[in-house]
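Please open the model in your viewer and display side chains as sticks. The tour below proceeds from one selection to the next.

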Amino acid sequence: FSLETQAVYKALSVRDPEPDCAAVEALSTTPVQTLLEVVEQASQPPWAGMRAATCLIVGHGAELAPTLESWVQGPESRGLALLVLDQLDSLPEAQALDLAQKALAGPHAADAPSRLARSQRPAIVALVPSP
């Protein structure tokens, strides 16, 4: 880890209170790259990488469309896929719909309907298959 990445990782590793994304991003001159590095490399505590991912989804989701797609479609990224699905309402609607459809067709399809049903957007909820 670079010094900036170490600072961001340390800030995200605190148990309570959960750090503010803007405050964490202010610790880096390249916040998106730094947060991606934390997501990809941090293993302990488990919430550090997930918090970094949440900051990326909520604050930079539109510019990180390919990354979010890889999380939703990656067989090894279930936790990140669930996080994306839980944050769909924070993304532009067209992107959220695309990710929801990819999730329903991907390796985490079994997890997707319950997450999509919680959306505040009728178009996303409408994608949930009938039982």
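Select Asp 86 first: its relative accessibility is 36%, so this residue counts as partly exposed. Now add Arg 115 to the selection in this predicted model. Asp 86 and Arg 115 form a salt bridge, with their closest N and O atoms 2.6 Å apart. This pair connects distant parts of the chain, since Asp 86 belongs to helix H6 and Arg 115 to helix H8, 29 residues apart.

Keep both residues displayed and add Arg 118. Asp 86, Arg 115 and Arg 118 are joined into one network by salt bridges that share partners.

Next, select Arg 78 and Asp 111. Their closest N and O atoms are 2.8 Å apart, and the two residues form a salt bridge. Arg 78 lies in helix H6 (residues 78–86), whereas Asp 111 lies in the loop between helix H7 (93–105) and helix H8 (112–116), so the pair ties together parts that are 33 residues apart in sequence. Is each partner buried or exposed? Arg 78 counts as partly exposed because its relative accessibility is 43%. Asp 111, at 19%, counts as buried, the cut-off for that class being under 20%.

Move then to helix H7 and select Asp 98 with Lys 102. A salt bridge joins their side chains, at 2.8 Å from N to O. The two residues are 4 positions apart in helix H7, so about one helical turn separates them. Asp 98 is partly exposed at 27% relative accessibility, and Lys 102 is likewise partly exposed, at 22%.

To finish, view the whole model: a search of the entire structure finds 4 salt bridges.

Terms used:
Residues are numbered from 1 along each chain as its sequence is written. This is a predicted model: local features need pLDDT of at least 70, side-chain atom pairs count only at pLDDT 80 or more; totals for chains, interfaces and linings use all residues. Side-chain values use heavy atoms; hydrogens and water are left out. Buried means under 20% relative accessible area, exposed over 50%, partly exposed in between (1.4 Å probe, protein chains only).
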